[in-house]
Amino acid sequence: MTKSYRIAVLPGDGIGPEIVEQGLKVLRAVSEKFGVGFEFNEGLIGGAAIDAQGVPLPDSTLKLAKNSDAVYLGAIGDWKYDTLDPAIRPERGLLKIRKELNLFANLRPAVVYDDLVSSSTLKEEAVKGVDIMIVRELTSGIYFGEPKGIEERDGEQVGFNNMIYKESEIERIVRLAFDIAVKRRKKLCSVDKANVLDVSRLWREVVERIAKDYPEVEVNHMYVDNAAMQLIRNPKQFDVVVTGNMFGDILSDEASMLTGSLGMLASASLTVQGGTAMYEPSHGSAPKYKGLDKVNPIATIMSAAMMLKYSFNMDKEADAIEQAVKQVLQDGYRTYDIMSEAKTLVGTSQMGDLVANKVREMNFALS
Ligand code: IPM
Ligand code: MG
(Lines give C-alpha, C1' and ligand atoms only; values in the text may rest on other atoms or scores of the structure.)
(Ligands and ions follow the chains in the order given, each with its own letter.)
Protein backbone atom coordinates (compact mmCIF):
# COMPACT_ATOMS: atom_id res chain seq x y z
CA MET A 1 0.00 0.00 0.00
CA THR A 2 1.46 3.29 -1.02
CA LYS A 3 -0.86 5.92 0.37
CA SER A 4 -3.68 5.90 2.84
CA TYR A 5 -6.54 8.29 2.03
CA ARG A 6 -7.94 10.05 5.07
CA ILE A 7 -11.72 10.02 5.12
CA ALA A 8 -13.67 12.07 7.66
CA VAL A 9 -16.74 9.99 8.50
CA LEU A 10 -19.70 12.02 9.75
CA PRO A 11 -22.64 9.65 10.35
CA GLY A 12 -24.99 12.36 11.67
CA ASP A 13 -28.57 11.64 12.72
CA GLY A 14 -31.49 9.32 12.15
CA ILE A 15 -30.56 6.56 9.74
CA GLY A 16 -27.18 8.25 9.06
CA PRO A 17 -25.07 5.89 11.19
CA GLU A 18 -26.56 2.68 9.79
CA ILE A 19 -26.28 3.68 6.13
CA VAL A 20 -22.74 5.02 6.53
CA GLU A 21 -21.74 1.71 8.13
CA GLN A 22 -22.78 -0.07 4.92
CA GLY A 23 -20.68 2.32 2.84
CA LEU A 24 -17.70 1.66 5.07
CA LYS A 25 -18.15 -2.10 4.64
CA VAL A 26 -17.99 -1.60 0.89
CA LEU A 27 -14.94 0.68 1.12
CA ARG A 28 -13.17 -1.92 3.28
CA ALA A 29 -13.92 -4.52 0.62
CA VAL A 30 -12.46 -2.17 -2.02
CA SER A 31 -9.40 -1.70 0.14
CA GLU A 32 -8.83 -5.47 0.45
CA LYS A 33 -9.57 -6.17 -3.17
CA PHE A 34 -7.47 -3.44 -4.76
CA GLY A 35 -4.82 -2.87 -2.10
CA VAL A 36 -5.70 0.78 -1.56
CA GLY A 37 -5.58 2.30 1.91
CA PHE A 38 -8.32 4.24 3.69
CA GLU A 39 -8.09 5.75 7.15
CA PHE A 40 -11.51 6.50 8.67
CA ASN A 41 -11.87 9.18 11.35
CA GLU A 42 -15.29 9.86 12.84
CA GLY A 43 -16.71 13.28 13.70
CA LEU A 44 -19.97 14.73 15.00
CA ILE A 45 -22.39 16.80 12.97
CA GLY A 46 -26.06 17.80 13.14
CA GLY A 47 -28.25 16.73 16.04
CA ALA A 48 -25.61 14.29 17.29
CA ALA A 49 -23.24 17.26 17.68
CA ILE A 50 -25.93 19.44 19.28
CA ASP A 51 -26.56 16.74 21.89
CA ALA A 52 -22.88 16.31 22.67
CA GLN A 53 -21.55 19.84 22.28
CA GLY A 54 -24.45 22.25 21.83
CA VAL A 55 -23.62 23.21 18.23
CA PRO A 56 -24.45 21.51 14.90
CA LEU A 57 -20.90 21.76 13.54
CA PRO A 58 -18.19 21.73 16.23
CA ASP A 59 -14.81 23.26 15.33
CA SER A 60 -13.19 19.86 15.87
CA THR A 61 -15.38 18.37 13.11
CA LEU A 62 -14.60 21.20 10.73
CA LYS A 63 -10.90 20.79 11.43
CA LEU A 64 -11.12 17.04 10.87
CA ALA A 65 -12.94 17.64 7.57
CA LYS A 66 -10.41 20.22 6.38
CA ASN A 67 -7.53 17.90 7.23
CA SER A 68 -9.04 14.95 5.38
CA ASP A 69 -8.86 13.90 1.74
CA ALA A 70 -12.65 13.55 1.59
CA VAL A 71 -15.72 13.76 3.82
CA TYR A 72 -18.27 10.95 3.96
CA LEU A 73 -21.57 12.09 5.45
CA GLY A 74 -24.69 10.16 6.39
CA ALA A 75 -27.64 12.47 6.99
CA ILE A 76 -28.66 15.10 9.46
CA GLY A 77 -31.82 16.28 11.20
CA ASP A 78 -34.49 14.98 13.54
CA TRP A 79 -37.92 16.25 14.51
CA LYS A 80 -36.80 16.66 18.06
CA TYR A 81 -34.76 19.72 17.03
CA ASP A 82 -37.62 21.41 15.14
CA THR A 83 -38.34 23.75 18.03
CA LEU A 84 -34.73 24.87 18.45
CA ASP A 85 -33.48 28.34 17.62
CA PRO A 86 -32.93 28.21 13.81
CA ALA A 87 -29.32 29.29 14.31
CA ILE A 88 -28.43 25.98 15.97
CA ARG A 89 -30.67 23.55 14.11
CA PRO A 90 -28.96 20.44 12.66
CA GLU A 91 -29.40 21.72 9.06
CA ARG A 92 -27.16 24.65 9.95
CA GLY A 93 -24.31 22.20 10.42
CA LEU A 94 -24.75 20.93 6.89
CA LEU A 95 -25.00 24.41 5.38
CA LYS A 96 -21.96 25.54 7.33
CA ILE A 97 -19.74 22.64 6.30
CA ARG A 98 -20.75 23.18 2.66
CA LYS A 99 -19.83 26.85 2.94
CA GLU A 100 -16.62 26.33 4.93
CA LEU A 101 -15.30 23.72 2.51
CA ASN A 102 -16.46 25.86 -0.43
CA LEU A 103 -18.45 22.97 -1.87
CA PHE A 104 -20.04 24.99 -4.62
CA ALA A 105 -20.88 22.13 -6.97
CA ASN A 106 -23.35 19.46 -5.99
CA LEU A 107 -23.59 16.55 -8.42
CA ARG A 108 -26.71 14.41 -8.15
CA PRO A 109 -26.91 11.64 -10.71
CA ALA A 110 -30.38 10.17 -11.30
CA VAL A 111 -29.84 6.87 -13.04
CA VAL A 112 -32.59 4.34 -13.65
CA TYR A 113 -31.21 0.80 -13.45
CA ASP A 114 -32.87 -1.65 -15.81
CA ASP A 115 -33.62 -3.97 -12.90
CA LEU A 116 -35.52 -1.24 -11.09
CA VAL A 117 -37.60 0.15 -13.92
CA SER A 118 -40.74 -1.28 -12.37
CA SER A 119 -40.03 0.48 -9.04
CA SER A 120 -40.72 3.88 -10.56
CA THR A 121 -44.21 5.27 -10.31
CA LEU A 122 -43.87 6.33 -13.95
CA LYS A 123 -44.40 4.16 -17.00
CA GLU A 124 -41.56 1.90 -18.06
CA GLU A 125 -41.19 3.53 -21.49
CA ALA A 126 -40.76 6.93 -19.84
CA VAL A 127 -38.02 5.97 -17.38
CA LYS A 128 -36.10 3.08 -18.92
CA GLY A 129 -32.59 4.29 -19.73
CA VAL A 130 -32.84 7.61 -17.87
CA ASP A 131 -29.38 8.92 -16.95
CA ILE A 132 -29.41 12.52 -15.75
CA MET A 133 -26.70 14.46 -13.95
CA ILE A 134 -28.08 17.36 -11.94
CA VAL A 135 -25.45 19.97 -11.18
CA ARG A 136 -26.72 22.16 -8.36
CA GLU A 137 -24.97 25.30 -7.13
CA LEU A 138 -24.55 24.73 -3.40
CA THR A 139 -22.96 27.63 -1.56
CA SER A 140 -24.87 30.69 -2.73
CA GLY A 141 -28.26 31.77 -4.06
CA ILE A 142 -31.29 32.08 -1.82
CA TYR A 143 -29.86 29.70 0.80
CA PHE A 144 -27.14 32.18 1.72
CA GLY A 145 -28.20 35.57 0.32
CA GLU A 146 -28.14 38.57 2.67
CA PRO A 147 -30.06 40.34 4.05
CA LYS A 148 -32.42 37.71 5.38
CA GLY A 149 -34.59 37.41 8.43
CA ILE A 150 -37.95 38.11 9.97
CA GLU A 151 -38.66 41.61 11.19
CA GLU A 152 -41.52 43.94 11.92
CA ARG A 153 -42.46 46.42 9.23
CA ASP A 154 -45.50 48.69 9.41
CA GLY A 155 -46.98 46.79 12.27
CA GLU A 156 -46.66 43.28 10.88
CA GLN A 157 -44.04 40.56 10.66
CA VAL A 158 -42.18 40.29 7.36
CA GLY A 159 -39.96 37.36 6.34
CA PHE A 160 -37.39 37.72 3.61
CA ASN A 161 -34.53 35.95 1.84
CA ASN A 162 -32.46 37.03 -1.12
CA MET A 163 -31.61 35.11 -4.24
CA ILE A 164 -28.27 36.61 -5.14
CA TYR A 165 -25.68 35.29 -7.56
CA LYS A 166 -22.40 36.90 -8.45
CA GLU A 167 -21.24 36.46 -12.02
CA SER A 168 -18.17 34.57 -10.80
CA GLU A 169 -20.36 32.15 -8.85
CA ILE A 170 -22.50 31.42 -11.88
CA GLU A 171 -19.48 31.08 -14.10
CA ARG A 172 -17.68 28.45 -12.00
CA ILE A 173 -20.71 26.17 -11.63
CA VAL A 174 -21.66 26.52 -15.28
CA ARG A 175 -18.12 25.74 -16.47
CA LEU A 176 -18.04 22.66 -14.28
CA ALA A 177 -21.37 21.54 -15.74
CA PHE A 178 -20.08 22.03 -19.29
CA ASP A 179 -16.94 20.04 -18.44
CA ILE A 180 -19.16 17.20 -17.26
CA ALA A 181 -21.42 17.44 -20.32
CA VAL A 182 -18.41 17.15 -22.63
CA LYS A 183 -17.64 13.75 -21.08
CA ARG A 184 -21.25 12.58 -21.37
CA ARG A 185 -23.87 12.96 -24.10
CA LYS A 186 -22.94 16.61 -24.70
CA LYS A 187 -26.28 18.14 -23.78
CA LEU A 188 -26.72 20.82 -21.16
CA CYS A 189 -30.00 22.22 -19.91
CA SER A 190 -29.75 25.33 -17.76
CA VAL A 191 -32.75 25.84 -15.49
CA ASP A 192 -33.79 29.29 -14.29
CA LYS A 193 -36.77 31.60 -13.93
CA ALA A 194 -35.56 34.31 -16.29
CA ASN A 195 -39.10 35.35 -17.22
CA VAL A 196 -39.51 36.73 -13.69
CA LEU A 197 -36.21 36.93 -11.79
CA ASP A 198 -33.38 39.34 -12.55
CA VAL A 199 -30.89 37.00 -10.97
CA SER A 200 -31.96 34.41 -13.56
CA ARG A 201 -31.48 36.85 -16.42
CA LEU A 202 -27.86 37.23 -15.37
CA TRP A 203 -27.57 33.44 -14.97
CA ARG A 204 -28.78 32.97 -18.54
CA GLU A 205 -26.40 35.60 -19.93
CA VAL A 206 -23.45 33.88 -18.29
CA VAL A 207 -24.51 30.46 -19.63
CA GLU A 208 -24.74 31.92 -23.13
CA ARG A 209 -21.30 33.47 -22.87
CA ILE A 210 -19.64 30.30 -21.58
CA ALA A 211 -21.44 28.14 -24.15
CA LYS A 212 -19.22 29.75 -26.81
CA ASP A 213 -16.24 27.93 -25.28
CA TYR A 214 -18.02 24.59 -25.67
CA PRO A 215 -19.32 24.50 -29.25
CA GLU A 216 -19.69 20.72 -29.14
CA VAL A 217 -22.29 20.92 -26.35
CA GLU A 218 -25.93 21.48 -27.24
CA VAL A 219 -27.39 24.00 -24.79
CA ASN A 220 -30.96 24.86 -23.94
CA HIS A 221 -32.62 26.98 -21.26
CA MET A 222 -35.72 26.01 -19.36
CA TYR A 223 -37.85 27.81 -16.81
CA VAL A 224 -37.95 25.88 -13.58
CA ASP A 225 -41.70 25.25 -13.65
CA ASN A 226 -41.43 23.79 -17.13
CA ALA A 227 -38.37 21.76 -16.10
CA ALA A 228 -40.35 20.24 -13.23
CA MET A 229 -43.01 19.20 -15.71
CA GLN A 230 -40.59 17.97 -18.40
CA LEU A 231 -38.74 15.78 -15.88
CA ILE A 232 -41.91 13.76 -15.47
CA ARG A 233 -43.20 14.04 -19.03
CA ASN A 234 -40.04 13.02 -20.86
CA PRO A 235 -37.02 12.60 -18.58
CA LYS A 236 -34.89 11.08 -21.34
CA GLN A 237 -34.51 14.49 -22.99
CA PHE A 238 -32.08 15.46 -20.19
CA ASP A 239 -28.36 14.76 -19.94
CA VAL A 240 -26.74 17.39 -17.69
CA VAL A 241 -28.95 19.90 -15.88
CA VAL A 242 -27.31 22.93 -14.27
CA THR A 243 -29.18 25.18 -11.89
CA GLY A 244 -29.07 27.27 -8.73
CA ASN A 245 -29.24 26.15 -5.15
CA MET A 246 -32.96 26.03 -4.44
CA PHE A 247 -34.15 24.94 -7.88
CA GLY A 248 -31.56 22.17 -7.72
CA ASP A 249 -32.76 21.08 -4.29
CA ILE A 250 -36.30 20.70 -5.55
CA LEU A 251 -35.56 19.18 -8.96
CA SER A 252 -33.14 16.61 -7.54
CA ASP A 253 -35.78 15.23 -5.16
CA GLU A 254 -38.14 15.06 -8.08
CA ALA A 255 -35.55 13.34 -10.30
CA SER A 256 -34.88 10.75 -7.62
CA MET A 257 -38.40 9.42 -8.01
CA LEU A 258 -37.69 8.56 -11.63
CA THR A 259 -35.28 5.98 -10.24
CA GLY A 260 -37.96 4.50 -8.04
CA SER A 261 -36.68 5.69 -4.69
CA LEU A 262 -34.95 8.56 -2.98
CA GLY A 263 -32.82 5.79 -1.50
CA MET A 264 -31.01 5.40 -4.83
CA LEU A 265 -29.69 8.94 -5.29
CA ALA A 266 -26.04 9.52 -4.47
CA SER A 267 -24.30 12.87 -4.43
CA ALA A 268 -20.93 14.52 -4.55
CA SER A 269 -20.26 18.08 -3.39
CA LEU A 270 -17.13 19.34 -5.07
CA THR A 271 -14.88 22.33 -4.59
CA VAL A 272 -11.90 23.75 -6.42
CA GLN A 273 -9.15 21.39 -7.58
CA GLY A 274 -7.22 20.00 -4.63
CA GLY A 275 -9.83 20.91 -1.99
CA THR A 276 -11.70 18.46 0.23
CA ALA A 277 -14.96 17.27 -1.31
CA MET A 278 -17.92 15.73 0.48
CA TYR A 279 -20.05 12.71 -0.40
CA GLU A 280 -23.49 11.96 0.96
CA PRO A 281 -26.79 10.44 -0.13
CA SER A 282 -29.24 13.03 -1.47
CA HIS A 283 -31.92 11.90 0.94
CA GLY A 284 -32.47 12.98 4.52
CA SER A 285 -32.15 11.33 7.92
CA ALA A 286 -35.59 9.60 7.94
CA PRO A 287 -35.80 9.54 11.75
CA LYS A 288 -38.84 7.30 11.77
CA TYR A 289 -36.76 4.47 10.31
CA LYS A 290 -33.80 4.98 12.63
CA GLY A 291 -32.33 1.75 13.98
CA LEU A 292 -34.86 -0.48 12.20
CA ASP A 293 -32.34 -1.95 9.74
CA LYS A 294 -34.83 -1.22 7.01
CA VAL A 295 -33.73 1.64 4.75
CA ASN A 296 -31.90 1.42 1.47
CA PRO A 297 -28.14 2.08 1.79
CA ILE A 298 -27.49 2.15 -1.97
CA ALA A 299 -27.44 5.96 -2.28
CA THR A 300 -24.79 6.06 0.44
CA ILE A 301 -22.81 3.22 -1.09
CA MET A 302 -22.94 4.89 -4.51
CA SER A 303 -21.78 8.13 -2.89
CA ALA A 304 -18.67 6.22 -1.79
CA ALA A 305 -18.18 5.23 -5.43
CA MET A 306 -18.38 8.91 -6.38
CA MET A 307 -15.73 9.66 -3.75
CA LEU A 308 -13.36 7.12 -5.28
CA LYS A 309 -13.95 8.58 -8.72
CA TYR A 310 -13.90 12.31 -8.05
CA SER A 311 -11.56 12.65 -5.07
CA PHE A 312 -9.14 9.75 -5.49
CA ASN A 313 -9.17 9.16 -9.26
CA MET A 314 -9.94 5.49 -8.65
CA ASP A 315 -12.13 4.87 -11.68
CA LYS A 316 -11.67 1.12 -11.63
CA GLU A 317 -12.54 0.85 -7.95
CA ALA A 318 -15.56 3.13 -8.34
CA ASP A 319 -16.69 1.01 -11.23
CA ALA A 320 -16.38 -2.11 -9.08
CA ILE A 321 -18.85 -0.65 -6.57
CA GLU A 322 -21.30 0.32 -9.30
CA GLN A 323 -21.10 -3.11 -10.90
CA ALA A 324 -21.52 -4.80 -7.52
CA VAL A 325 -24.68 -2.80 -6.81
CA LYS A 326 -26.09 -3.63 -10.24
CA GLN A 327 -25.37 -7.33 -9.78
CA VAL A 328 -26.94 -7.48 -6.34
CA LEU A 329 -30.07 -5.92 -7.83
CA GLN A 330 -29.90 -8.34 -10.73
CA ASP A 331 -29.70 -11.19 -8.24
CA GLY A 332 -33.09 -10.01 -7.01
CA TYR A 333 -32.26 -8.43 -3.63
CA ARG A 334 -34.32 -5.40 -2.65
CA THR A 335 -34.82 -3.16 0.35
CA TYR A 336 -38.44 -2.33 1.15
CA ASP A 337 -38.50 0.93 -0.87
CA ILE A 338 -37.68 -0.82 -4.15
CA MET A 339 -39.33 -4.15 -3.35
CA SER A 340 -41.45 -5.79 -6.02
CA GLU A 341 -43.02 -9.14 -6.65
CA ALA A 342 -40.88 -12.28 -6.54
CA LYS A 343 -37.84 -10.44 -5.21
CA THR A 344 -35.96 -11.06 -1.97
CA LEU A 345 -36.52 -8.47 0.74
CA VAL A 346 -33.38 -7.56 2.70
CA GLY A 347 -32.55 -5.03 5.40
CA THR A 348 -29.96 -2.26 5.45
CA SER A 349 -27.13 -4.33 6.85
CA GLN A 350 -27.70 -7.31 4.58
CA MET A 351 -27.74 -5.06 1.53
CA GLY A 352 -24.38 -3.66 2.66
CA ASP A 353 -22.96 -7.18 3.11
CA LEU A 354 -24.24 -8.28 -0.29
CA VAL A 355 -22.60 -5.37 -2.10
CA ALA A 356 -19.34 -5.68 -0.13
CA ASN A 357 -19.17 -9.42 -0.88
CA LYS A 358 -19.84 -8.81 -4.56
CA VAL A 359 -16.92 -6.39 -4.66
CA ARG A 360 -14.72 -9.06 -3.07
CA GLU A 361 -15.85 -11.78 -5.46
CA MET A 362 -15.63 -9.69 -8.58
CA ASN A 363 -13.27 -10.73 -11.29
CA PHE A 364 -11.11 -7.88 -12.40
CA ALA A 365 -8.10 -7.84 -14.58
CA LEU A 366 -5.98 -6.03 -12.03
CA SER A 367 -3.96 -3.44 -13.82
C1 IPM B 1 -30.45 18.51 0.54
C2 IPM B 1 -31.27 18.84 1.76
C3 IPM B 1 -30.67 20.08 2.43
C4 IPM B 1 -30.77 21.21 1.43
C5 IPM B 1 -31.29 20.47 3.77
C6 IPM B 1 -31.27 19.33 4.75
C7 IPM B 1 -30.61 21.67 4.35
O8 IPM B 1 -32.60 19.00 1.42
O9 IPM B 1 -29.24 18.27 0.69
O10 IPM B 1 -31.01 18.49 -0.56
O11 IPM B 1 -31.82 21.86 1.33
O12 IPM B 1 -29.79 21.46 0.73
MG1 MG C 1 -33.04 18.49 -0.59
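What volume does the largest pocket have? In this predicted model, that volume is about 1100 Å³. Let's start at the middle of the pocket and work outwards. Among its 40 lining residues, L107, L270, M306, K309 and Y310 are the closest to the centre.

Next, see which parts of the chain build the lining. Two or more residues come from each of these elements: the strands β4 (105–111), β5 (131–137) and β12 (277–279), and the helices α6 (167–182), α10 (298–310) and α11 (315–330). Helix α10 gives the largest share, with 5 residues. If you sort the lining by class, you will find 22 nonpolar, 9 polar and 9 charged residues.

Where does the pocket sit with respect to the domains? Lining residues come from both domain 1 (1–108 + 261–367) and domain 2 (131–257), so the pocket lies between the two.

Now turn to the nonpolar cores. The largest one has 72 residues, and the members that touch the most other members are F38, L107, V135, Y279, L308 and F312. Domain 1 and domain 2 both contribute residues here too, so this core also lies between them. You have met L107 already, as one of the residues closest to the centre of the largest pocket.

To get a feel for this core, try zooming in on L308. Setting aside neighbours within four places in sequence, L308 is in contact with L27, V30, F38, N313, M314, E317, A318 and I321. One of these partners, F38, is itself on the list of core residues that touch the most other members.

Finally, look for a second core, separate from the one just described: it has 20 residues, including V127, C189, M222 and L251.

Methods. Residues are numbered from 1 along each chain as its sequence is written. Chains are lettered from A and ligands numbered from 1 in the order in which they are written. This is a predicted model: local features need pLDDT of at least 70, side-chain atom pairs count only at pLDDT 80 or more; totals for chains, interfaces and linings use all residues. Side-chain values use heavy atoms; hydrogens and water are left out. On a 1 Å grid over the protein atoms alone, a cavity is a set of points where a 1.4 Å probe fits but cannot get out, and a pocket is an open set with protein on both sides within 12 Å along at least five of seven lines; lining residues have an atom within 4 Å of a point. Grid points are joined across faces, edges and corners, and a volume is the space filled by probe spheres set on the points. Helices (H or I, at least four residues) and strands (E, at least two) are DSSP runs, numbered from the N terminus. Ala, Val, Leu, Ile, Met, Phe, Trp, Tyr, Cys and Pro count as nonpolar, Asp, Glu, Lys and Arg as charged, and the others, Gly among them, as polar. Domain bounds come from an automatic or database domain assignment. A nonpolar core is a set of buried Ala, Val, Leu, Ile, Met, Phe, Trp, Tyr and Cys residues joined through side-chain atoms within 4.5 Å. Buried means under 20% relative accessible area, exposed over 50%, partly exposed in between (1.4 Å probe, protein chains only). Contact means heavy atoms within 4.5 Å.
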